[in-house]
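This report examines how one helix is placed among its neighbours. Please keep the sequence and the structure in view while reading.

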Amino acid sequence: MKITVFGATGGVGREVVRQALAAGHEVTAVVRDPARLPVPAHERLHVATVADVTDREAVLSAVSGQDAVVSALGAASNKQARQTPVAGPALRAITSAMDRAGVRRLSAVSAAPVAPLPEGEGVFTRAVVYPLLRRLLRDLYADLAVMEEVMAASDTQWTVVRPPKLQNKPRTGSYRRAIGANVRGGRVIPRADVADALLTALTDPACTGRAVGVAS
């Protein structure tokens, strides 16, 4: 499979690139600065430099001829940058470019707090954790909510993956998954497992047109 990965230099994105290459896929990693891609050169790895992921013509070049697209675009590291929407505007450009290029399969990382809490979730999480997160990171979650709406309104065969707190740990492959809901009691998950979920969703028909909660 030929896969374009947006956000390839981020924690989840670099894992998507590594795992896709290990699985035998041909990968186009979309980056602003090729020097920031911490993945060794590979005969099946192509690097596309795109300064602005809302530039539809630049994005079209990166997705043309591909079988699928993965978006690992997330929040910036500083508060001021996080207040500027990234995922929503980017996915508008990406889904438009995919339509023009005839590429249909798309998976993208979102976040668990964008969705309602699952039935039976603990009182502390319901009354303290999620309200606090939604207040502190309201701009990020608002951006991700717009991203999800853009994907749902597109003609793509989309999947949204919603993880809780991300960890820098090795892939386990044994994470929990809930299609159409968050994982009850889900607190953390390795970034490498989120990457696994994003890639798995590309070939799992049960995930098409659905949001998928994941957690350790």
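Which residue just after H4 takes a positive phi? The residue is Gly102, with a phi of about 75°. The model discussed here is predicted.

## The chain as a whole

The protein chain contains seven helices and 10 strands. Of its 216 residues, 48% are buried. Among contacts between residues at least 6 apart in sequence, 70% join residues at least 24 apart.

## Helix H4 and its surroundings

Helix H4 covers residues 87-101. At 1.5 Å a residue, its 15 residues should span 21 Å, and the end C-alpha atoms are 20 Å apart, which agrees with that expectation.

The buried residues of H4 are Ala87, Gly88, Ala90, Leu91, Ala93, Ile94, Thr95, Ser96, Ala97 and Met98. Their packing partners are two helices, H2 and H6 (138-153), together with the strands S1 (2-6), S4 (68-71) and S5 (105-109).

## Packing of H4 with H2

Two packed helices are described by the angle between their axes and by the distance between those axes. For helix H2 (residues 56-63) and H4, the angle is about 55° and the axes lie 8 Å apart. Because an angle from 35 to 65 degrees falls in neither the roughly parallel nor the roughly perpendicular class, H2 is oblique to H4. The crossing of H2 past H4 is right-handed.

On the H2 side, the contact is made by Arg56, Glu57, Val59, Leu60 and Val63. On the H4 side, Arg92, Ala93, Ile94, Ser96, Ala97, Met98, Arg100 and Ala101 take part. By class, this contact of H2 with H4 has eight nonpolar residues, one polar residue and four charged residues.

## Packing of H4 with H6

The axes of H4 and H6 cross at roughly 20° and come within 7 Å. Angles under 35 degrees count as roughly parallel, and H4 and H6 are therefore roughly parallel to each other. H4 passes H6 in a crossing that is right-handed.

H4 contributes Ala87, Gly88, Pro89, Leu91, Arg92 and Thr95 to this contact, while H6 contributes Asp143, Leu144, Val146, Met147, Val150 and Met151. The residues in the contact of H4 with H6 comprise eight nonpolar, two polar and two charged.

## Summary

In this predicted model, H4 meets H2 at an oblique angle and lies roughly parallel to H6. Arg92 of H4 takes part in the contact with H2 and also in the contact with H6.

How values were computed
Residues numbered from 1 in each chain as written. Predicted model: local features only at pLDDT ≥ 70, side-chain atom pairs only at ≥ 80, totals over all residues. Heavy atoms only, no water. Axes fitted to C-alpha atoms, helices over the stretch in contact; angles between N-to-C directions. Helix = DSSP H or I, 4+ residues; strand = E, 2+ residues; numbered from the N terminus. Parallel < 35°, antiparallel > 145°, perpendicular 65-115°, else oblique. Left-handed = near helix turned anticlockwise from the far one by under 90°. Contact = heavy atoms within 4.5 Å. Nonpolar A, V, L, I, M, F, W, Y, C, P; charged D, E, K, R; others polar. Expected span 1.5 Å × (residues − 1). Buried < 20%, exposed > 50% of the residue type's maximum accessible area, 1.4 Å probe, protein only.
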